[in-house]
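Please follow this walk through the structure shown below, which moves from a helix and its surroundings to the loop after it and then to the surface.

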Amino acid sequence: MYSRCEILFPHSRVGGLKKLKGEDWKKLTERVARLPETSEESLAFSHMMIKLCDCLNCDLGSYKAALGCSACSQRTINALRDTDQQLLRRFEKSRKIVLTYLDETGLGQEDKVA
């Protein structure tokens, strides 16, 4: 029934959000879409979208899951009354959370020069 169902917002869906807000949002989504899904900015963007879309409360029997991540994320961004600047602040907040987590766990050390 669900041949390819994502549980959390997938990096592959970032590009599908670029036309939903203004120019600053478009630039952010285009930049993040080009990055590998394991980059800090990609992780931060996914973290932000997981929170906005409430992915942690989604289950396979829900209407949102039946729509799929593309439709759910597009609906979520369209429904937000946030400006590009507010969305960029949300992204920066998620970026700080991700960086803190990576530093605390030692996972962010690979990118730093000794």
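What covers the buried residues of helix H2 includes helix H1 (23–34), helix H3 (63–67), helix H4 (69–79) and helix H5 (84–105), and, since this model is predicted, every contact described here should be read as a property of the model. Helix H2 itself runs over residues 40–53, has 14 residues, and spans 20 Å from its first C-alpha to its last, close to the 20 Å expected at 1.5 Å a residue. Its buried residues are Ser42, Ala44, Phe45, Ser46, Met48, Met49, Ile50, Leu52 and Cys53. As background for reading such a list, an α-helix has 3.6 residues a turn, so residues three or four places apart point the same way.

One partner of this helix can be followed at the level of a single side chain. Trp25 lies in helix H1 and counts as buried because its relative accessible area is 0%. Leaving aside residues up to four places away in sequence, Trp25 touches Leu17, Lys18, Phe45, Met48, Ile77, Asp84 and Leu87, and of these, Phe45 and Met48 are among the buried residues of H2. The C-alpha atom of Trp25 is separated by 22 Å from that of Gly68, a residue 43 places away along the chain.

At the other end of the discussion stands Asp54, the residue that follows H2 and belongs to the loop between H2 and H3. Its phi is near 60°, a positive value in a residue other than glycine. Asp54 is classed as partly exposed because its relative accessible area is 36%.

The cysteines invite a separate question: how many disulfides does a search of the whole structure find? The search finds zero. For Cys55, the closest cysteine sulfur is that of Cys53, and the distance of 4.9 Å is too far for a bond, given that a disulfide requires sulfur atoms within 2.5 Å. Cys58 is likewise in no disulfide, the nearest cysteine sulfur being that of Cys72, 6.4 Å away. As for their surroundings, Cys55 counts as buried because its relative accessibility is 9%, whereas Cys58, at 27%, counts as partly exposed.

On the surface, Ile7, Leu8, Leu56 and Leu60 form a nonpolar patch with about 400 Å² of accessible area together. Within this patch, Leu8 is placed in the segment before H1, and its relative accessibility of 36% is why Leu8 counts as partly exposed.

Terms used. Residues numbered from 1 in each chain as written. Predicted model: local features only at pLDDT ≥ 70, side-chain atom pairs only at ≥ 80, totals over all residues. Heavy atoms only, no water. Helix = DSSP H or I, 4+ residues; strand = E, 2+ residues; numbered from the N terminus. Expected span 1.5 Å × (residues − 1). Buried < 20%, exposed > 50% of the residue type's maximum accessible area, 1.4 Å probe, protein only. Contact = heavy atoms within 4.5 Å. Patch = residues over 30% accessible without salt bridge, like charges linked within 9 Å, V, L, I, M, F, W, Y side chains within 5 Å. Areas by Shrake-Rupley, 256 points an atom, 1.4 Å probe, with all protein chains shown as cover. Salt bridge = Lys/Arg side-chain N within 4 Å of Asp/Glu carboxyl O.
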